[in-house]
Amino acid sequence: MTDVLIIGSGPAGMTAAIYAKRANLDVLVVEKEYEGTGQMAESSRIDNYPGFYGINGYELGEKIREHAEALGIKFLEAEVTGIQKTEENFDITLESGEVQSSKTVIYTAGAAHRKLAVPGSEKFENRGISYCASCDGAFYHGKDVAVIGGGNSALDDALLLSEICNKVYLIHRRAEFRGDASTLAKLEQKDRDKLEAVIVFAEPENAGAIRRLAENLEQFDFIPGIHTPEEYGRYMIRESGRFEYDDILEAFYDYEGYGQHRIQQENGRFSGYGYVSYPGTMALEDLMAEDPAEAYQAEQGLQMGGLE
Ligand SMILES: Cc1cc2nc3c(=O)[nH]c(=O)nc-3n(C[C@H](O)[C@H](O)[C@H](O)COP(=O)(O)OP(=O)(O)OC[C@H]3O[C@@H](n4cnc5c(N)ncnc54)[C@H](O)[C@@H]3O)c2cc1C
């Protein structure tokens, strides 16, 4: 009988084990892999663990395991196949049929990434294919990347990568995005280009804010294909209809100067897709924030749904 039985010796299990041991409890860690340290063993380089910049994942795992062993934490190599609650304790069944009893159980068996089932995905894993933008995004600094998926995670990761990478393509197989992203799928190509530009302009922080931008696209001014103040000035004077353009005066038009002036006035920005500005009256932050009334209704809807 142990005080605490921990299933899995990844970072979560090992952290729990160290804390439990320091509380003077008797701890047993059950791990199915030989000397397993969880998913981090698959990582060739970890840059976000304080004090161990650039460490190999396998090496970090070994260090953590050594730390635990030094504290006297016990390990058992076995696969847990069942957990039963008894009157006062828990019975943990192992694959061999053996049963371990413990007063408490901490289940830290991790989660596996859903892998990309295409030829080459295994071969190029960690050599161009990653499954975690916040872990590996920095390795793709300044590069063109593709995010595969259409849910909120894909959108959030695409957003995160847009801060680091040169260009981010979002590739999804369904006709519609899922979750908050469903709004996006209804947009025509020209509006998608506009949305890309608006995202660069507004810097939304999550998928919900992107959805709100998509719903309010008409509040932004967008001129596709315009990338410099000179081009913008030329567009405004010759094509926008605000001026009576006269080619006799061509030599006298200061396209760049006028473009600069307007950009400053409008607080406009250039994106890869064109020029964008926001003349809307509402503060941009408020436009992107979740509407409290909508959120309340959604919550009520969920509660009603739950009663049926
Ligand atoms: C290639 C790669 C690179 C990564 N890079 C980074 C990074 O740079 N920075 C970062 O922060 N994160 C990174 N991650 C993510 C990080 O590794 C995970 O978030 C972390 O390992 C999760 O820890 P965990 O303890 O919850 O689970 P896991 O690490 O998954 O550990 C779970 C453990 O439980 C064991 N187990 C499961 N079922 C049973 C059972 N029935 N019986 C007994 N044992 C069982 C497993 O064998 C495993 O050892 C990376 C992941 C991968 C795959």
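Is Glu203 buried or exposed? Let's work that out, along with a few other exercises on this predicted model.

**Exercise 1.** Find where Glu203 sits and decide whether it is buried or exposed.

*Solution.* Start with the location: Glu203 lies in the loop between helix H6 (189–202) and helix H7 (207–215). Next, count neighbours: 12 other C-beta atoms lie within 10 Å of Glu203. The cut-off for exposed is 12 or fewer, so Glu203 is exposed. Now check the backbone: Glu203 has a positive phi of about 50°, although it is not a glycine. That's worth a second look, as most residues other than glycine have a negative phi.

**Exercise 2.** Do the same for Asn126.

*Solution.* You'll find Asn126 in the loop between E6 and helix H3 (133–136). It has 14 other C-beta atoms within 10 Å, so Asn126 counts as partly exposed. Its phi is positive too, at about 70°, and Asn126 isn't a glycine either.

**Exercise 3.** Trace the open sheet of six strands and name its edge strands.

*Solution.* Walk across the sheet in the order E3-E2-E1-E6-E5-E4; the pairing is mixed. Strand E3 (74–77) and strand E4 (80–85) each pair on one side only, which makes them the edges. On average, neighbouring strands here are turned by 40° against each other, ignoring direction.

**Exercise 4.** Zoom in on E1 and E2, then find the helix that packs on the sheet there.

*Solution.* E1 (residues 2–7) and E2 (residues 27–31) run parallel, paired over four bridges. Within this pair, Ile6 stands opposite Val29 in E2. Helix H1 (residues 11–22) packs on the sheet, touching E1, E2 and strand E6 (99–107). The direction of H1 makes about 165° with that of E2.

Note on methods: Residues are numbered from 1 along each chain as its sequence is written. This is a predicted model: local features need pLDDT of at least 70, side-chain atom pairs count only at pLDDT 80 or more; totals for chains, interfaces and linings use all residues. Two strands pair if DSSP finds at least two bridges between them. Helices (H or I, at least four residues) and strands (E, at least two) are DSSP runs, numbered from the N terminus. Axes are lines fitted to C-alpha atoms, for helices over the stretch in contact, and angles run from 0 to 180 degrees between N-to-C directions. Two residues are in contact if their C-beta atoms, placed from the backbone, lie within 7 Å. A residue is buried if 20 or more other C-beta atoms lie within 10 Å of its own, exposed if 12 or fewer, and partly exposed in between; C-beta atoms are placed from the backbone.
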